[in-house]
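Trainee: I should like to take a close look at one part of this structure, the place where the two chains meet. Could you guide me through that part step by step?

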Number of protein chains: 2
Amino acid sequence: MKILEERIRRDGTVLPGDVLKVDNFLNHQIDPQLMDELGAEFARYFEDAGVTKILTVESSGIAPAVMAGLHLKVPVIFARKHKSLTLTDNLYTAKVYSYTKRVTNDISIDRRFISTTDKVLIIDDFLANGQAVQGLLDITNAAQIPVAGVGVVIEKRFQKGHELVKAAGVPLVALASIAAFEDGQVVFSEN
Amino acid sequence: MKILEERIRRDGTVLPGDVLKVDNFLNHQIDPQLMDELGAEFARYFEDAGVTKILTVESSGIAPAVMAGLHLKVPVIFARKHKSLTLTDNLYTAKVYSYTKRVTNDISIDRRFISTTDKVLIIDDFLANGQAVQGLLDITNAAQIPVAGVGVVIEKRFQKGHELVKAAGVPLVALASIAAFEDGQVVFSEN
């Protein structure tokens with residue numbers, strides 16, 4: 001997506017360790033107009049996929065997910081992160097390891113909000129090692145809920161999340177796909 | 001706001017201890033169309049207030065804040081919650097006590113994203129005891145950043161958050177204002 005790639009080039013910062021910092025428009029300060037355009041783009045990809053609900057994980061996934069929900073006219077559910085859960089009777093849960101924070105969190109979704117008659121679209125801000133998306137796929141698998149696809153704002157294609165989603169047999173849409181970082185610059189994938 | 005009051009009556013659940021559960025459209029499952037209407041309503045109240053940035057706190061404030069930002073055409077910044085912060089050089093921070101979770105968290109905003117030339121609108125999903133809003137006001141006070149107002153989706157007017165914002169001399173807009181709970185039913189304020 002052209003405007004997103006241009007925004008990443010203009011406002012993103014490449015840090016050591018293949019880290020792309022985009023906290024001035026995506027995951028700390030948010031540009032609502034851009035989110036709206038990203039949401040419309042996700043909707044174009046998935047408008048015929050029969051999506052009934054969108055799933056994401058707090059907090060950075062919420063803005064793009066809500067805009068996708070606005071354009072697809074479906075509810076959005078954000079999984080909550082917990083240090084560890086004790087009472088899980090009414091919850092679908094999964095464990096998510098964060099490579100950046102080096103901690104494992106539980107994520108949870110209230111069972112009332114998704115059912116086997118749903119078809120969910122998973123949205124997140126970043127796909128790198130894919131642990132958050134894997135956690136949501138663990139939940140949809142365990143609950144036998146059909147998945148229409150995974151949509152991410154930015155993927156680092158050279159990390160393992162991309163292959164992980166493909167291996168799950170789930171359609172993957174990345175609005176910006178980063179092939180590599182070279183000399184502190186972002187190199188986008190061609191496709 | 002009529003449609004919000006109707007939605008609260010229809011989908012909200014009043015629990016013991018004056019707790020209103022609205023996790024089916026506001027703070028776990030989100031209704032994006034409703035958020036868009038709430039955002040438009042906040043924008044109508046504050047369109048002439050010279051707002052340059054919106055501040056909120058993760059996670060439940062993000063959806064209404066981003067929609068308000070979309071309609072006011074300004075960036076949104078969500079303060080991050082932390083167990084406790086060690087490095088705070090580049091951050092504005094404040095302490096926020098949660099009555100529901102009975103823990104104190106630090107919240108933080110990167111100093112790069114707000115300045116004394118800004119005029120901020122604070123948005124949150126709920127105003128009850130007002131601790132989250134107070135934390136954001138602590139930050140804007142310490143940083144000497146003008147505040148255009150506080151906008152909340154739902155206030156429990158009988159709890160201390162309402163008076164706290166008024167005492168700070170900041171305009172307060174609550175799209176739904178709850179005067180009391182009576183026999184498990186919501187009683188809205190007339191004003």
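Mentor: The following account treats the helices at the meeting of the two chains and the relation between the copies. Please keep in mind that this is a predicted model.

Two packed helices are described by the angle between their axes and the distance between the axes. We may begin with helix H3 of chain A, residues 62–72, and its counterpart H3 of chain B, which also spans residues 62–72. The axes of these two helices come within 9 Å and cross at roughly 65°. Because angles from 65 to 115 degrees count as roughly perpendicular, H3(A) is described as roughly perpendicular to H3(B). The crossing of H3(A) with H3(B) is right-handed.

Which residues make this contact between H3(A) and H3(B)? From H3(A) come Ile62(A), Ala63(A), Val66(A), Met67(A) and Leu70(A), and they meet Ile62(B), Ala63(B), Val66(B), Met67(B) and Leu70(B) of H3(B). Sorted by class, this contact has ten nonpolar residues, with no polar and no charged ones.

H3(A) also packs against helix H2 of chain B, residues 32–46. Here the angle is about 105° and the axes lie 8 Å apart. That makes H3(A) roughly perpendicular to H2(B) as well. On the side of H3(A), Val66(A), Gly69(A) and Leu70(A) take part, and they meet Pro32(B), Gln33(B) and Asp36(B) in H2(B). By class, the contact of H3(A) with H2(B) has three nonpolar, two polar and one charged residues. Val66(A) and Leu70(A) thus deserve attention, because each is listed in the contact with H3(B) and in the contact with H2(B).

How are the two copies related? In general, two copies of a chain are related by a rotation about an axis and a shift along it. In this model, a turn of 180° with a shift of 0.0 Å along the axis lays chain A on chain B, with an RMSD of 0.0 Å. That is the relation of a two-fold axis. Of the residues of chain A, Ser59(A) comes closest to the rotation axis, with its C-alpha at 2.7 Å. Finally, 100% of the interface residues of chain A are also interface residues in chain B, so the copies meet through the same surface.

Technical notes:
Residues are numbered from 1 along each chain as its sequence is written. Chains are lettered from A and ligands numbered from 1 in the order in which they are written. This is a predicted model: local features need pLDDT of at least 70, side-chain atom pairs count only at pLDDT 80 or more; totals for chains, interfaces and linings use all residues. Side-chain values use heavy atoms; hydrogens and water are left out. Axes are lines fitted to C-alpha atoms, for helices over the stretch in contact, and angles run from 0 to 180 degrees between N-to-C directions. Helices (H or I, at least four residues) and strands (E, at least two) are DSSP runs, numbered from the N terminus. Angles under 35 degrees count as roughly parallel, over 145 as roughly antiparallel, 65 to 115 as roughly perpendicular and the rest as oblique. A crossing is left-handed if the near helix is turned anticlockwise from the far one by less than a right angle, and right-handed if clockwise. Contact means heavy atoms within 4.5 Å. Ala, Val, Leu, Ile, Met, Phe, Trp, Tyr, Cys and Pro count as nonpolar, Asp, Glu, Lys and Arg as charged, and the others, Gly among them, as polar. Copies are superposed by least squares on the C-alpha atoms of residues with pLDDT of at least 70 in both.
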